[in-house]
Amino acid sequence: NWKMDTFVENSIREIRAKVGKGKVLCALSGGVDSSVAAVMLSKAIGSQLTCVFVDHGLLRKNEGDEVEAVFGPEGPYDLNFIRVNAQERFYDRLAGIEEPEEKRKIIGEEFIRVFEEEAKKIGAVDFLVQGTIYPDVVESGLGGESAVIKSHHNVGGLPDYVDFKEIIEPLRDLFKDEVRKAGLEMGIPEKLVFRQPFPGPGLGIRIIGEITAEKVKIVQDADAIYREEMDAAGMKATVGQYFAALTNMRSVGVMGDERTYDYAVALRAVNTIDFMTAEAAEVPYAVLNKVMSRIINEVRGVNRVMYDLTSKPPGTIEFE
Ligand code: XMP
C-alpha cells in the first residue's frame with residue numbers, strides 16, 4: 001500500500017532512465033488510462049513524446065475538441081500532439097455493417113491502420129506507450145469475461161504494426177482507483193480523472209444496426225442532453241455509468257399534426273462495483289421525464305425515449 005506521490009516520482013525517474021534521449025510514441029484516446037500515462041510521460045520526457053489522437057467520428061459530442069484542448073498546443077503539457085480526423089474513413093468502412101462484433105473488428109483494425117500511417121510519418125520510434133492497467137493484464141491474459149464475450153479493443157494489436165524497440169506500460173500494476181489517484185497527484189483535472197468509462201469503439205457500439213453519420217449525430221445529441229441533465233441532478237456522484245444508445249427501431253408517432261416515423265433512443269444508467277455485474281440505477285422519474293422531453297424536442301429523428309431496466313447479467317452494460 002505505497003503512497004501515490006512516491007509511485008509517481010519513482011515512475012517518472014524510471015521512465016527518464018529507460019528512455020534517455022529516445023523518441024516515444026503514445027496512442028491517446030482521451031480516456032483516463034491513456035491520459036494519465038501520457039501526462040506521466042510528458043512530465044518525464046517532455047517533447048520527446050508524441051501523442052497521436054485518432055478521432056474516429058464515434059466520440060461523444062465535442063469530445064475531440066475537449067481532448068485537443070487538454071493535450072494540444074494550447075494545453076498545459078509539453079508534448080507533440082497529433083490529431084487525426086478520420087471520421088470519413090471509419091464511416092466508409094462501416095457502411096452496411098450491422099453485426100456488433102464485426103463493427104468492433106472493423107473499428108479496431110481501422111484504428112490500427114490510421115495509427116500505423118501516422119507512426120510511419122514519424123519514423124522509427126524507440127518506445128511505444130500503452131495505458132494498460134492491471135485488470136487489462138488479467139483479462140486479456142487469462143481470458144476474463146469481457147475478453148471472451150467481446151473482442152477487446154484496447155489490449156494487444158498495436159505493437160506489431162509500429163516500428164518501435166520497446167514498450168512502456170507505466171500503469172501496468174495499478175487498479176483503476178490507483179490510476180485516478182496518480183492522475184490527481186500529477187494535477188490532471190478532476191473532470192478528466194473521474195471520467196466515466198467509454199469503450200474504445202465508442203458510439204459505434206451504442207448504435208444498433210448500421211452506423212451512419214446521421215445516426216451518430218442523433219446519439220451524440222441525445223447523449224449530451226442525458227449527461228447534462230444527470231450531471232445537473234447530481235447523479236454523477238451516485239451512478240456508475242450512464243449514456244444514451246440508439247436503437248435500430250423506428251415507430252410511428254405524432255408531432256403537431258404530423259405523423260412521424262422515427263427512432264427510439266434508449267437511456268442506460270447502471271450501478272456497478274467492478275463492471276462485471278451491474279444493476280440499472282434508480283434514476284428519479286422527474287429527471288428521466290425531463291431528459292425525454294428535451295430529447296424529443298431538441299433531437300430530430302427521435303420520437304420515443306425508453307429507459308433500460310436490465311441488469312448485467314443477463315444484459316451487458318453497453319447497448320450493442
Ligand atoms: P459490458 O458492455 O461488457 O461493459 O458490460 C463493461 C464495461 O466495459 C466497457 N467496455 C469497454 N471498454 N473497450 C473499453 O475500453 C471496449 O471495447 C469496451 N467494451 C465495453 C463498458 O463501457 C463498461 O464500462
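Strands are DSSP runs of E with at least two residues, helices are DSSP runs of H or I with at least four, and both are numbered from the N terminus. This is a predicted model, in which local features need pLDDT of at least 70, side-chain atom pairs count only at pLDDT 80 or more, and totals for chains, interfaces and linings use all residues. Residues are numbered from 1 along each chain as its sequence is written.

**Exercise 1. The loop between β7 and β8**

Task: Place Phe275 in the chain, describe its phi, and state its exposure class. Then do the placing and classing for Met276.

Solution.
- Step 1. Phe275 sits in the loop between β7 and β8. Met276 lies in that loop too, which runs between β7 (258-271) and β8 (279-280).
- Step 2. The phi of Phe275 is positive, near 65°, and Phe275 is a residue other than glycine.
- Step 3. Apply the burial cut-offs: buried means 20 or more other C-beta atoms within 10 Å of a residue's own, exposed means 12 or fewer, and partly exposed is in between, with C-beta atoms placed from the backbone.
- Step 4. Phe275 has 17 C-beta neighbours inside 10 Å, so Phe275 counts as partly exposed. Met276 has 14, so Met276 is partly exposed as well.

**Exercise 2. From Met276 to the cis peptides**

Task: How many residues apart along the chain are Met276 and Lys312, and what separates their C-alpha atoms? Then follow the chain on from Lys312 and assign the peptide bonds.

Solution.
- Step 1. Met276 and Lys312 are 36 residues apart along the chain, and 7.5 Å separates their C-alpha atoms.
- Step 2. From Lys312 to Pro313 the peptide bond is cis, with omega near -15°.
- Step 3. Pro313 and Pro314 are joined by a cis peptide bond, with omega about 10°.
- Step 4. Pro313 belongs to the segment after β9 (302-307). Pro314 lies in the segment after β9 too.

**Exercise 3. Two residues of the annotated site**

Task: Which residues does the UniProt annotation "binding site" cover? Take Val32 and Ser34, and work out whether each is buried or exposed.

Solution.
- Step 1. The unreviewed UniProt entry lists Ser29, Gly30, Gly31, Val32, Asp33, Ser34 and Ser35. UniProt positions are in the numbering used here, feature names are shortened, and annotations may be inferred rather than shown by experiment.
- Step 2. Val32 is part of helix α2 (residues 32-45). Ser34 is in α2 as well.
- Step 3. Val32 has 23 other C-beta atoms within 10 Å, so Val32 is buried. Ser34 has 24, so Ser34 is buried too.
- Step 4. Now the contacts, where two residues count if their C-beta atoms, placed from the backbone, lie within 7 Å. Beyond four places in sequence, Val32 touches Val179, Arg180, Gly183, Val193 and Arg195. With that sequence filter, Ser34 meets Ala27, Leu28, Ser29 and Gly131.

**Exercise 4. Helix α9 and its partners**

Task: Describe how α1 and α9 pack. Then find which side of α9 is buried.

Solution.
- Step 1. Two packed helices are described by the angle between their axes and the distance between the axes.
- Step 2. Helix α1 (residues 4-19) and helix α9 (residues 176-185) make an angle of about 75°, and their axes are 9 Å apart. Axes are lines fitted to C-alpha atoms, for helices over the stretch in contact, and angles run from 0 to 180 degrees between N-to-C directions.
- Step 3. The pair is therefore roughly perpendicular. The classes are under 35 degrees for roughly parallel, over 145 for roughly antiparallel, 65 to 115 for roughly perpendicular, and oblique for the rest.
- Step 4. In the contact, α1 supplies Met4, Asp5, Phe7 and Val8, while α9 supplies Lys181, Ala182 and Glu185.
- Step 5. Val179, Arg180, Ala182 and Gly183 are buried in α9. They cover an arc of only 160° around the axis, so they lie on the same side of α9. The arc is that of the directions from the helix axis to the C-beta atoms.
- Step 6. The buried residues of α9 pack against α1, α2 and α10 (190-193).
- Step 7. Just after α9, Gly187 takes a positive phi of about 80°.
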